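User: I would like to go through this model and ask what stands behind each label. Please set the values against the criteria as we go.

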Amino acid sequence: MSEPRIEPPIEPLSEAERADALDGLPDWDYEDGRDAIRRSIVFTDFAAAFGFMARVALIAEKADHHPEWTNVWNRVEILLTTHDAGGLSHRDIELATAIDGILGD
């Protein structure tokens, strides 16, 4: 029987790391009160919005890092923060980058 794998704690980004990361994510807004990033996306219809969410869900599940999000008809609101780190972490930046990739940004 193998030893359980213990992951190191996830650390929040420093101010410099956050600034560098956000430079590469121009469609995301920083939400200071939550140390999070937010993006709003409008699609042509509900099916397009839901299809996008399904694609993101597969990536998020594989990464074991899940967004806070809402969907109303053709609009998807996404907020990313790492609760275990108490704020924005590299996991949020990686997921935001993957989301931008799905959107073709």
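User: What share of the contacts in the protein chain with a separation of 6 or more is between residues 24 or more positions apart?

Analyst: That share is 63%. A contact here needs heavy atoms within 4.5 Å. Keep in mind that this is a predicted model.

User: Which elements does the protein chain have, and in what order do they run?

Analyst: There are three helices and four strands. From the N terminus on, the order is α-β-β-α-β-β-α. The C-alpha atoms fill a box of roughly 45 × 40 × 25 Å along the principal axes.

User: How do you know that strand 1 and strand 2 pair?

Analyst: At least two bridges are needed for a pair. Strand 1 (residues 29-31) and strand 2 (residues 36-42) have three, in the antiparallel sense. Therefore they count as paired. Within this pair, Tyr30 stands opposite Ile37. The two strands form a hairpin, with four residues between them.

User: What makes Asp35 stand out in that turn?

Analyst: Its phi is near 45°, a positive value in a residue other than glycine. Asp35 lies in the loop between strand 1 and strand 2.

User: Is Asp35 buried or exposed?

Analyst: Buried means under 20% relative accessible area. Asp35 has 12% relative accessibility, so Asp35 counts as buried.

User: How many bridges join strand 2 to strand 4?

Analyst: Six bridges join them, and the two strands run antiparallel. That meets the requirement of at least two bridges, so strand 2 and strand 4 pair. Ile37 has Leu80 as its bridge partner in strand 4. Ile37 also stands opposite Tyr30 of strand 1.

User: What makes strand 3 and strand 4 a pair?

Analyst: Five bridges join strand 3 (residues 68-72) to strand 4. The cut-off is at least two, so the pair qualifies. The two strands run antiparallel. Asn71 stands opposite Val76. Strand 3 and strand 4 form a hairpin with two residues between them. In the turn, Trp73 has a positive phi of about 45°.

User: Where does Val42 sit, and what does it touch?

Analyst: Val42 lies in strand 2. Leaving out residues up to four places away in sequence, Val42 touches Asn74 and Arg75. The C-alpha atoms of Val42 and Trp73 are separated by 9.2 Å, with their positions 31 residues apart along the chain counted as the separation.

User: Why is the pair of Phe43 and Phe52 called tilted?

Analyst: A search of the whole structure finds two aromatic pairs. In the pair of Phe43 and Phe52, the ring centres lie 5.1 Å apart and the planes stand at 35°. Centres must lie within 6.5 Å for a pair. Planes under 30 degrees apart would be stacked, and over 60 edge-to-face. The angle of 35° fits neither, so the pair is tilted. Both Phe43 and Phe52 are buried.

User: Why is Val56 called buried?

Analyst: Val56 has a relative accessible area of 1%. The limit is under 20%, so Val56 is buried. Val56 lies in helix 2. Beyond residues up to four places away in sequence, Val56 touches Pro67, Trp69, Ile99 and Ile102.

User: Why does Asp64 count as exposed?

Analyst: Exposed means over 50%. Asp64 has 54% relative accessibility, so Asp64 counts as exposed. Asp64 is found in the loop between helix 2 (46-63) and strand 3. Its phi is near 55°, a positive value in a residue other than glycine.

User: Thr82 is in a loop. How do you know that Thr82 is buried?

Analyst: Thr82 has 3% relative accessibility. The limit is under 20%, so Thr82 counts as buried. The loop runs between strand 4 (75-80) and helix 3 (90-103). Apart from residues up to four places away in sequence, Thr82 touches Ile10, His65, Gly87, Ser89, Arg91 and Asp92.

User: What share of the residues of the protein chain counts as buried?

Analyst: Of its 105 residues, 36% count as buried. The protein chain exposes about 6,700 Å², and carbon and sulfur atoms supply 54% of that area.

User: How many side chains are positive and how many negative?

Analyst: There are 9 positive and 22 negative side chains. The centres of the two sets lie 5 Å apart.

Technical notes: Residues numbered from 1 in each chain as written. Predicted model: local features only at pLDDT ≥ 70, side-chain atom pairs only at ≥ 80, totals over all residues. Heavy atoms only, no water. Buried < 20%, exposed > 50% of the residue type's maximum accessible area, 1.4 Å probe, protein only. Areas by Shrake-Rupley, 256 points an atom, 1.4 Å probe, with all protein chains shown as cover. Lys, Arg positive; Asp, Glu negative; His and termini not counted. Charge placed at Lys NZ, Arg CZ, Asp CG, Glu CD. Phe/Tyr/Trp six-rings, centres within 6.5 Å; stacked < 30°, edge-to-face > 60°.
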